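Work through the two exercises below with the sequence and the model in view, and try each task before you read its solution.

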Amino acid sequence: MIYLDNSATTKIDSSVLETFNRVNKLYFGNPSSLHELGETTTGLLTQSRRLIAETMGVQSEEIFFTSGGTEGDNWVVKGTALEKIHFGKHLITSEIEHPAVLESIKQLENLGWEVTYLPVDSRGIISVENLKRALREDTVLVSVMAVNNETGSIQPVEKIGEILKDYPSIHFHVDAVQAVGKIDLKLGEQSRIDMAVFSGHKFHGPKGTGFVYVKKGRKLAPLLSGGGQEAGRRSGTENVPGIVAMAKALKITSEKQIKIQSKLTIELEKYLDKKKNIEIFSPKHRAPHILCFGIKGIKGEVLVHALEKKGVFVSTTSACSSKKKTESSTLLAMGIPKITAETAIRVSLSEENTQEELEKFIKIFDEIYHSFKVIL
């Protein structure tokens, strides 16, 4: 098997899985309990929060545990709207955000909030000038992802932050799910980013884990109310084994080099550039782990299944929309015609992929490509 669908999910690291199983077996107490086992699990949560904060360059009290990226994005978007409803009801986002952001914003829009959806250019990048013009006195949130999950395009987060320094009352939210171990994302006092969302299973941690960075002093209404866990911001008994394992996975990922991913995707891009009837949708400047492309006249799902039969696993752009058999909204927003967008597949690597795997993939792809030439 050659697994090249790492933007959908990554394989859990073996040592991370060992940690998860050990904590699950030995430290199963509820952190809210007063007895020794509860205190022990509380200690594990504290250690994990500190490790994540140190890795991200922020303070421990700025890290809040969630069930993953979807919950994190929902919390920041809706929590900002509820917290700042008396200050304004205008939100700004891009046309190519993850559904966790877009659907949350659409829900608010149906409830009376006003939304500006920023267009993107042919590279999948928003214009900071368009964003600046969209700002209003009643704007309470700007939500822009760091790395697009379908094409790997990198948004100008730092430039957006520079603009928003003149608007300190606006929350700046970044969906950073695809950023860990891929690009340098600056958080903390020197950064204008107020909230950033992360998901454990995108960096070799367990599914069902995630965390949100919330800059000290920024307020968010809770999405989940109840027992008051996570400083009253995210109630619910904490997933201690998952959190401990996620913290370990984050530390391991942050220490690994990502050069191999960039080298392999550049090599793959050079191979594809030489082929007729192949269109590459990812921009030249992109995150190192994603390459989106298609064969003209061949639907993406057909190519995905042809590769699957050979033991190669890729996806048709976003995993969240692939089973719905819909064309990529990101590619359409980039101005790519619908019939062309339907051909797209996404190859996404992790640091575990090897040169040998890439060579095998190219050989298999070449065979499939030439078989398709008969019908093109």
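**Exercise 1. Decide how far strand β8 is enclosed, and find its partners.**

Step 1. Strand β8 (residues 210-214; strands are DSSP runs of E with at least two residues, helices runs of H or I with at least four, numbered from the N terminus) is largely enclosed by the rest of the structure, because 5 of its 5 residues are buried, where buried means under 20% relative accessible area, exposed over 50% and partly exposed in between (1.4 Å probe, protein chains only).

This is a predicted model, in which local features need pLDDT of at least 70 and side-chain atom pairs count only at pLDDT 80 or more, while totals for chains, interfaces and linings use all residues. Residues are numbered from 1 along each chain as its sequence is written, and side-chain values use heavy atoms, leaving out hydrogens and water.

Step 2. In a regular strand the side chains alternate between the two faces of the sheet. Gly 210, Val 212 and Val 214 are buried on one side of β8, and Phe 211 and Tyr 213 are buried on the other.

Step 3. Strand β2 (residues 63-66) pairs with β8 in the antiparallel sense over 4 bridges, pairing requiring at least two bridges found by DSSP, and Phe 65 has Phe 211 as its bridge partner. Strand β7 (residues 195-199) also runs antiparallel to β8, joined by 5 bridges, with Ser 199 partnered by Gly 210.

**Exercise 2. Find the buried side of helix α6.**

Step 1. In helix α6 (residues 157-164), the buried residues are Val 157, Ile 160, Gly 161, Ile 163 and Leu 164. They lie on the same side of α6, because they cover an arc of only 160° around the axis, taken from the directions from the helix axis to the C-beta atoms.

Step 2. Glu 158 and Lys 159 are exposed on the other side of α6.
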